[in-house]
Structure formats: C-alpha cells, structure tokens
Amino acid sequence: MNDEEAKASIIAEYGAHIAALERKVGQLTMELDLVKKTPRQPIAGDSGSSSIITGPRPVLSH
C-alpha cells in the first residue's frame, strides 16, 4: 500500500468513526428529550424529603 492509499484508508476510518459518534449523539439526544417530556412518577416513600446531593433531611422534633 502506498502513502496515498494509507492516508485514504485512515481518512475513511476516521469518517466511519465520526459517523458512528454522530449516530450515538443523535440517539442520546432523542433519549434525553423523551426523559424531559415524560412526567416523573413518584417512588413509594418519596415525600420529597431527600436529595441525591444532601441525602435524607433530618426530622426536626420540638
């Protein structure tokens, strides 16, 4: 394989890789749009008193 053929082969490989990445971005974009449009179903015991960041909130007793 000469130098020109090797370069063309590499460019074709990059093009195929870019196309695969573009398809994946499109798929993930559609999935994200669907998640944003789907109403969140409450989970059993989910009273809104916890957060992924802070965890359960303490119960204050007086």
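The exercises below work through a predicted model of one protein chain.

**Exercise 1. Describe the order of the elements in the protein chain and how confidence varies among them.**

Solution. Begin with the count: the protein chain has one helix and two strands, and from the N terminus on these run α-β-β. Next, turn to confidence, where the average pLDDT of the protein chain is 84 and 74% of the residues score at least 70. Finally, compare the elements: helix α1 has the highest mean pLDDT, at 96, whereas strand β1, residues 50-51, has the lowest, at 60.

**Exercise 2. Compare the span of helix α1 with the expected value, and find the side-chain contact at its start.**

Solution. Helix α1 covers residues 3-37, which is 35 residues. From its first C-alpha to its last, helix α1 reaches 51 Å, close to the 51 Å expected at 1.5 Å a residue. At the start of α1, the contact comes from N2, a side-chain oxygen of which lies within 3.0 Å of the backbone nitrogen of E4.

**Exercise 3. Locate the salt bridge in the structure and classify the accessibility of K7.**

Solution. The structure holds one salt bridge, and its partners are the side chains of D3 and K7, with an N to O distance of 3.5 Å. Side chains of opposite charge can pair when their charged atoms come close. Both D3 and K7 belong to helix α1, where they are four residues apart, about one turn of the helix. For the last step, K7 has a relative accessibility of 44%, and therefore counts as partly exposed, since that class lies between the cut-offs of 20% and 50%.

**Exercise 4. Which residues form a nonpolar patch on the surface, and how does the chain as a whole divide by exposure?**

Solution. The patch is formed by I10, Y14 and I18, which together have about 320 Å² of accessible area. I18 is placed in helix α1, and because its relative accessibility is 46%, I18 counts as partly exposed. For the protein chain as a whole, buried residues make up 2% of the 62 residues, while the exposed area is about 6,100 Å², of which carbon and sulfur atoms supply 64%.

Notes:
Residues numbered from 1 in each chain as written. Predicted model: local features only at pLDDT ≥ 70, side-chain atom pairs only at ≥ 80, totals over all residues. Heavy atoms only, no water. Buried < 20%, exposed > 50% of the residue type's maximum accessible area, 1.4 Å probe, protein only. Areas by Shrake-Rupley, 256 points an atom, 1.4 Å probe, with all protein chains shown as cover. Expected span 1.5 Å × (residues − 1). Polar contact = N/O pair within 3.5 Å; in protein donor to acceptor, adjacent residues only side chain to side chain. pLDDT = per-residue confidence, 0-100. Patch = residues over 30% accessible without salt bridge, like charges linked within 9 Å, V, L, I, M, F, W, Y side chains within 5 Å. Salt bridge = Lys/Arg side-chain N within 4 Å of Asp/Glu carboxyl O.
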